[in-house]
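Got the model loaded in your viewer? Keep the selection box handy and follow along, stop by stop.

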Amino acid sequence: MSRSIAVDEATLSARAREGDARAFEGLYRATSERVFALCLRMTGDREQAREVAHDVYVRAWEKLPGFRGDAAFSTWLHRLAVNVVLERQRRDRRRQLHERAGFDDEDDAAPSLRASPDDVGARLDLEAAIARLPTNARTVFVLHEVEGYRHEEIARAMDIAEGTVRAHLHRARRLLMEYLSR
């Protein structure tokens, strides 16, 4: 990020904290593509990513008065986006478990296990392969390999053990190799 963009971001975030909607719009315009890309990588679905990105900005507007400015606005927003995606995934899993009482293997719903016969043998790029990963494996893979989070940070964010993070990451890598070698 260039110095002028960082200064503009600091100025805009300070004004937005005071309730300036136009300043918040400026922050939205400066950050929305990155937030959408993060949401898309973590959800693997364009429509879900749009919805989650929208939720991120609603949440950002609500939480903006509490933003102290210790970090750059974009850093704070990135973390907020990760949390919003993880919260949504937890909520969706709880809902699925409730609806399918007795069938609690969360990875049963993974798109990778439901690939149509037409998909077999199709060449996949990395983004498409990531999108096919089961939810937890995709989330851990994106946070670790794409966003650079450490195992302990992911474990804290997802409220799971570090060993579970490592297992999801191992599974994600194995599945990606499998998908990409077809």
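Is serine 13 buried or exposed? Select serine 13 and find out: it is buried, with a relative accessible area of 4% (buried is under 20%, exposed over 50%, partly exposed in between, with a 1.4 Å probe and protein chains only). Serine 13 sits in helix α1, residues 3-17. Helices here are DSSP runs of H or I with at least four residues, strands are E runs of at least two, and both are numbered from the N terminus. Now show what surrounds the side chain: neighbours within four places in sequence aside, serine 13 is in contact with Leu27, Phe67 and Phe73 (contact means heavy atoms within 4.5 Å).

A quick word on ground rules before moving on. This is a predicted model, where local features need pLDDT of at least 70 and side-chain atom pairs count only at pLDDT 80 or more, while totals for chains, interfaces and linings use all residues. Residues are numbered from 1 along each chain as its sequence is written, and side-chain values use heavy atoms, with hydrogens and water left out.

**Zoom out: the whole chain**

Switch to cartoon. You get 8 helices and 0 strands, so to read it from the N terminus, the order is α-α-α-α-α-α-α-α. Of the 182 residues, 37% count as buried. Take the contacts between residues at least 6 apart in sequence: 62% of them join residues at least 24 apart. Turn on the surface and you are looking at about 10700 Å² exposed, with carbon and sulfur atoms supplying 50% of it (Shrake-Rupley method, 1.4 Å probe; for residues, only the protein chains shown count as cover).

**Next stop: the salt bridges**

The structure holds 14 salt bridges, each a side-chain nitrogen of Lys or Arg within 4 Å of a carboxyl oxygen of Asp or Glu. Select aspartate 55 and arginine 88, whose closest N and O atoms are 2.8 Å apart. Aspartate 55 belongs to helix α3 (residues 46-63) and arginine 88 to helix α4 (residues 73-99), so this pair links distant parts of the chain, 33 residues apart. Aspartate 55 is partly exposed at 27% relative accessible area, whereas arginine 88 is buried at 12%.

Stay between those helices and pick arginine 59 and glutamate 87, which meet in a salt bridge at 3.0 Å, N to O. Arginine 59 is in α3 and glutamate 87 in α4, so the pair ties together parts 28 residues apart in sequence. Both ends are partly exposed: arginine 59 has 22% relative accessibility, and glutamate 87 has a relative accessible area of 33%. Add Glu51 to the selection as well, since salt bridges that share partners join Glu51, Asp55 and Arg88 into one network.

**Last stop: α6 against α8**

Colour helix α6 (residues 135-146) and helix α8 (residues 162-180). How do they cross? Their angle is about 95 degrees, and their axes are 8 Å apart. Axes are lines fitted to C-alpha atoms, for helices over the stretch in contact, and angles run from 0 to 180 degrees between N-to-C directions. The two helices are therefore roughly perpendicular (65 to 115 degrees; under 35 is roughly parallel, over 145 roughly antiparallel, the rest oblique). Show sticks for Asn136, Ala137, Val140, Phe141, His144 and Glu145 on α6, then Val165, His168, Leu169, Ala172, Arg173 and Leu176 on α8, and you have the contact.
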